[in-house]
Amino acid sequence: MNVKAFPHLRAVCYVFSGTVVYALVFASSKLTGGAVGLGPIMFLRYLGSVLSLALYMHLRGQSPIALQSLRWRLHLLRALCSVGGVAAVIYASARMPVLDATAISMLHVIGSVALATIVLGEPLGARIVAGASLSTAGGAIVMISGGAFSSEGSGILLPALVALASALLFAFDGFFLKISSRTDSPLVTLAHMNVFAFGLTLIPCILSWSDTSLGNLSLLVAFGPLALAGQYLIIKGYMIAPLSVVAPIDHSLLASSCLVGLVLFGEIPSPGAVLGSATIAIGALLVAAAKGKKPATGPTGDVSGEVAQDRN
């Protein structure tokens, strides 16, 4: 394969890999059999992430002060959007098929591309428009095939609407991530996101806490480093490509959710889900083949301001 024909391939691969990880994270409620409330699920996940970051910094002999950012308010806004979006998807996924909930949340791509064009002034080439349109169409096919809004599926209307609300939150999440990635390294972004989210989910966790097994608690804390890896991959992708390019690749989460639903929960994908996933894949290839432009460099000359020490 001629890699030069796909200038955004590396960014696409980063984001795609991150969505594979998040397909598992979004299914965390079902993996516990519904025995753990949403608040504790979120809190324990971020607890695992913060502990992993603390261990990483300790092994490197660095102080947490080194991860401070002057744009902490921007990171806080992103944390609010991200925590709200993830909570909404987990809530919806526990009350409707994982694939359907994920498909609806993927409508955030439309908002992300709009923000990239209107606010960030990113140009939309023909391949980006075609790829984003195909990916969105694929998401719509999966959603319609799931029957979320059909008369037979009226019982899942509320979780479907909650998943739709997550789409709006995720659109701004991606927008804030793109802005912060221009100046802050992935490690700084990860630290602020997870520390803020840890604090934001503490009170909901206390209010909804109930006794559960040690196995469930351990499983949810273990989701922390897993989610951390997914966040890192997505941040890297957002750093090296325009938002209008990487946002549509989030649709690949549908195919990953399809696999998770099949393997872990026996949710057999419909022909429409398979067709939609294939359409998303074609759209992703078109986006990856869009003509690239040189990414902005930070004060040190590294892409998007990533400091050299974070590459070691």
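**Helix packing in an all-helix chain**

Helix 1 and helix 11 run roughly antiparallel to each other (angles under 35 degrees count as roughly parallel, over 145 as roughly antiparallel, 65 to 115 as roughly perpendicular and the rest as oblique). This comes from a predicted model, where local features need pLDDT of at least 70 and side-chain atom pairs count only at pLDDT 80 or more, while totals for chains, interfaces and linings use all residues. Residues are numbered from 1 along each chain as its sequence is written, and side-chain values use heavy atoms, with hydrogens and water left out.

As for the geometry of this first pair, the axes of helix 1 (residues 9-26) and helix 11 (residues 214-240) come within 8 Å and cross at roughly 155°. Axes here are lines fitted to C-alpha atoms, for helices over the stretch in contact, and angles run from 0 to 180 degrees between N-to-C directions. The crossing of helix 1 past helix 11 is left-handed, a label used if the near helix is turned anticlockwise from the far one by less than a right angle, with right-handed used if clockwise. Among the helix 1 residues that meet helix 11 are Tyr 14, Tyr 22 and Val 25, and the helix 11 side includes Phe 223, Gly 230 and Tyr 238; contact means heavy atoms within 4.5 Å. Sorted by class, the contact of helix 1 with helix 11 has 14 nonpolar, 6 polar and 2 charged residues. In this sorting, Ala, Val, Leu, Ile, Met, Phe, Trp, Tyr, Cys and Pro count as nonpolar, Asp, Glu, Lys and Arg as charged, and the others, Gly among them, as polar.

Helix 11 also holds Asn 216. Asn 216 is buried, at a relative accessible area of 14%, where buried means under 20%, exposed over 50% and partly exposed in between (1.4 Å probe, protein chains only). Leaving aside neighbours within four places in sequence, Asn 216 is in contact with Thr 32, Ala 35 and Val 36.

Zooming out, the chain has 14 helices and 0 strands; these are DSSP runs numbered from the N terminus, with helices being H or I of at least four residues and strands E of at least two. Of its 312 residues, 51% count as buried. Among contacts with a separation of 6 or more, 89% come from residues 24 or more positions apart.

A second helix pair brings together helix 4 (residues 72-93) and helix 8, whose axes come within 7 Å and cross at roughly 155°. That makes helix 4 roughly antiparallel to helix 8, and the crossing is left-handed. The contact of helix 4 with helix 8 divides into 18 nonpolar, 6 polar and 2 charged residues.

Within helix 8 sits Ala 171, which is buried with a relative accessible area of 4%. Not counting residues up to four places away in sequence, Ala 171 touches His 108, Gly 111, Ser 112 and Leu 115. The C-alpha atoms of Ala 171 and Gly 85 are 9.4 Å apart, although 86 residues separate them along the chain.

Helix 8 has some aromatic company too. Rings of Phe, Tyr and Trp (its six-membered ring) pair if their centres lie within 6.5 Å, and planes under 30 degrees apart count as stacked, over 60 as edge-to-face and the rest as tilted. By this rule there are 3 aromatic pairs. The ring centres of Phe 172 and Phe 176 lie 6.2 Å apart with planes at 35°, so this pair is tilted. Phe 172 and Phe 176 are 4 residues apart in helix 8 (residues 157-180), so about one helical turn separates them. Phe 172 is partly exposed at 34% relative accessible area, whereas Phe 176 is buried at 13%. Phe 172, Phe 175 and Phe 176 form one aromatic cluster.
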